[in-house]
There are 2 protein chains.
Amino acid sequence: MELDQLRYFLRVAERGNFTRAAEDLALSQPALSRSIQKLEEELGQPVFERKTRSVSLTEAGVLLQSRAQQVLTILDDTKAEITDDGQSGRVRVGAIPTIAPYFLPDVLRQFATEFPKATLIVQENTTDELLKSCTQGEIDLAILALPIPAKYLEFEELFEEELLLVLPVDHALVSKPKIRLTDVEPFPFVLLGEAHCLSDNIVSFCRQRSFQPVAVERTSQLAMVQELVSLSHGVSMIPAMARKLDQSDRRVYRSIDGRKPARKIAVVWNPYRFQSRLIEAFRDRLRAYPH
Amino acid sequence: MELDQLRYFLRVAERGNFTRAAEDLALSQPALSRSIQKLEEELGQPVFERKTRSVSLTEAGVLLQSRAQQVLTILDDTKAEITDDGQSGRVRVGAIPTIAPYFLPDVLRQFATEFPKATLIVQENTTDELLKSCTQGEIDLAILALPIPAKYLEFEELFEEELLLVLPVDHALVSKPKIRLTDVEPFPFVLLGEAHCLSDNIVSFCRQRSFQPVAVERTSQLAMVQELVSLSHGVSMIPAMARKLDQSDRRVYRSIDGRKPARKIAVVWNPYRFQSRLIEAFRDRLRAYPH
DNA sequence: GTTTACGATGCACAGAGTGCATCGTTCGTC
DNA sequence: GACGAACGATGCACTCTGTGCATCGTAAAC
């Protein structure tokens with residue numbers, strides 16, 4: 001039994017497909033097939049059931065999967081722990097798209113200056129994917145908005161951030177000195193796609209005030225939301241950090257009067273994985289970041 | 001990091017010597033040196049401190065040692081668990097020399113008949129060595145005499161066995177109808193070497209009756225004790241199972257009157273290791289063995 | 001100073017793992 | 001019902017890694 005075989009095996013188990021797994025592994029499909037064959041030969045029985053369109057784990061495969069994961073995690077962490085000098089190494093950070101471009105660059109720059117030997121790897125993805133990556137040890141830290149279904153993960157709230165109402169410059173509400181949430185109710189909303197938690201934040205905040213925002217458009221980037229608002233497709237709510245970077249004069253931002261909509265930004269990590277000094281340091285910088 | 005590297009590493013750590021470890025591993029010393037070098041290269045630091053006469057673990061090495069052991073154990077057990085069909089496989093049994101030849105052959109024969117596909121491996125060694133082997137997962141079961149310092153090990157008493165007084169045929173006590181322990185006190189003893197727990201059993205039993213047997217001779221095999229007794233070098237105490245196999249008429253066995261000296265035979269195993277159905281079966285046969 | 005113990009290094013070789021090309025089988029589709 | 005696509009298995013040639021043998025370098029022991 002070789003470690004590579006276990007890595008290969010896990011990937012095939014994950015993808016349910018030799019060809020796809022081989023691509024992931026940067027390996028030819030025949031090589032992968034043979035590697036699994038050899039593993040099965042050693043175990044005296046198949047670990048996969050080959051169906052015509054996909055493969056699934058046998059009983060033996062299920063057992064092997066959990067043990068292989070365990071073993072590779074231990075070795076990965078051991079290596080990280082031994083090579084941990086607090087200066088060099090790797091920090092893999094994930095962030096949701098509505099945070100990444102507004103919050104991360106500053107922290108990354110600061111961190112890179114302070115730890116020039118460190119390698120920073122950033123992944124931008126949805127909350128669900130980030131949590132999965134974090135659980136599987138593919139990233140060390142994830143920065144996202146609460147609430148999260150954080151099974152087996154640890155998190156720490158970093159700060160709370162106001163969501164600002166964004167309006168086209170010529171919108172009726174612009175001249176109103178105090179805008180309450182109820183004032184917004186009649187207007188259509190421009191929101192991000194459903195996979196984005198910011199939409200959930202906004203919708204759930206509105207729902208607490210018992211109104212359901214009407215989403216006229218769904219887009220995938222905050223910048224696009226801002227542009228669509230400028231073009232009077234609707235109004236929206238934008239995190240304060242995204243407003244800071246907005247140079248345009250074709251839209252205006254207003255703070256909602258009364259209880260203000262907000263989101264809580266948190267950092268998440270996997271407490272079962274070794275936390276290198278570099279990772280700890282990154283978390284420290286996140287905490288210390290002015291907001 | 002490769003599994004072989006970890007195996008090599010552990011052996012060197014155990015032996016504190018590359019050359020010796022290489023012999024154990026059936027590998028040339030240069031190959032071993034290079035393998036460790038590569039491991040150290042990957043970890044970015046040495047795992048051994050090379051002194052002129054021996055090598056010792058560095059801090060990193062100590063960490064790696066425990067993790068490597070853990071990993072190899074998991075994989076070993078996983079393989080055992082997957083390949084466990086209750087019929088084929090391997091059972092590694094250890095026994096102390098004063099039990100092995102008298103008790104094991106019958107059990108082994110019976111077990112081999114019942115499980116013809118199974119491979120039986122028997123190791124004869126002292127209690128200390130067997131417990132060490134069991135802890136390290138080098139054997140699956142150990143059969144020995146209580147008491148044992150059984151840290152992290154589980155044990156189950158199998159039966160209690162009387163220790164019989166053995167005398168030369170022409171000994172003064174032979175004609176005595178009832179021999180009490182005090183009657184034996186004046187006579188010199190033939191005992192096994194100090195590493196054998198049977199000597200401990202005998203000595204501690206006598207000490208409870210507040211006398212210290214005088215050992216005139218120390219030998220390494222029960223058969224030799226029996227022969228020396230025949231030659232009137234002294235008297236001794238012999239487990240009942242060893243008497244059964246004794247065909248000679250040059251010595252006689254007597255049961256001590258009063259509280260009889262005895263030893264408790266137990267089977268020991270490592271509860272942290274996977275117990276295959278074959279191992280369980282072997283334990284069952286041990287329990288069921290008539291005594 | 002000489003010998004001994006022990007790990008490191010140079011060099012050549014064998015075998016395991018890999019990639020490419022291709023095959024065999026089973027669905028899905030026209 | 002024949003054809004094509006998806007997917008894993010197999011044949012073959014090659015390369016690269018790990019290994020053994022011979023030898024070296026160094027420090028302790030005699």
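**Notebook: DNA strand D, the A–B contact, α3(A) and I96(A)**

I began with DNA strand D and found that 21 residues surround it, the closest being F18(A), P30(A), S33(A), S28(B) and A31(B). I then asked which elements give two or more residues to this surface; they are α2 (18–24) and α3 (29–43) of chain A, together with α3 (29–43) of chain B. The largest share, five residues, comes from α3(B). By class, I recorded six nonpolar, seven polar and eight charged residues near DNA strand D. I note for this entry and those below that the model is predicted.

**Contact between chains A and B**

I next looked up the protein–protein contact, in which 19 residues of chain A meet 18 residues of chain B. On the chain A side, helix α4 (residues 59–83) provides the largest share, 13 residues. I sorted that side of chain A by class and obtained 10 nonpolar, five polar and four charged residues.

**Helix α3 of chain A**

I returned to α3(A), one of the elements at the surface near DNA strand D, and checked its length. Its 15 residues, at 1.5 Å a residue, should span 21 Å, and I found the end C-alpha atoms 21 Å apart, so the two values agree.

Which residues of α3(A) are buried? I listed L32(A), S35(A), I36(A) and L39(A). Viewed down the helix axis, these buried residues fall within an arc of 95°, and therefore they line one face of α3(A). I found P30(A), R34(A), Q37(A) and E41(A) exposed on the other side of the helix. P30(A) is also among the residues closest to DNA strand D. I then looked for what covers the buried residues of α3(A), and the cover includes α1 (3–15), α2 and β1 (48–50) of chain A. After the helix comes G44(A), for which I noted a positive phi, near 75°.

**Residue I96(A)**

My last entry concerns I96(A), which I located in the loop between β3 (89–95) and α5 (100–114) of chain A. Is I96(A) buried or exposed? I counted 22 other C-beta atoms within 10 Å of I96(A); the threshold for a buried residue is 20 or more, so I96(A) is buried.

I also looked up its contacts beyond four places in sequence: I96(A) touches T126(A), T127(A), L130(A), L144(A), A145(A) and C197(A). For V184(A), 88 residues from I96(A) along the chain, I found a C-alpha separation of 26 Å from I96(A).

Definitions and conventions:
Residues numbered from 1 in each chain as written. Chains lettered and ligands numbered in written order. Predicted model: local features only at pLDDT ≥ 70, side-chain atom pairs only at ≥ 80, totals over all residues. Near = placed C-beta within 6 Å. Helix = DSSP H or I, 4+ residues; strand = E, 2+ residues; numbered from the N terminus. Nonpolar A, V, L, I, M, F, W, Y, C, P; charged D, E, K, R; others polar. Contact = placed C-beta atoms within 7 Å. Expected span 1.5 Å × (residues − 1). Buried ≥ 20, exposed ≤ 12 C-beta atoms within 10 Å, placed from the backbone. Arc of directions from axis to C-beta.
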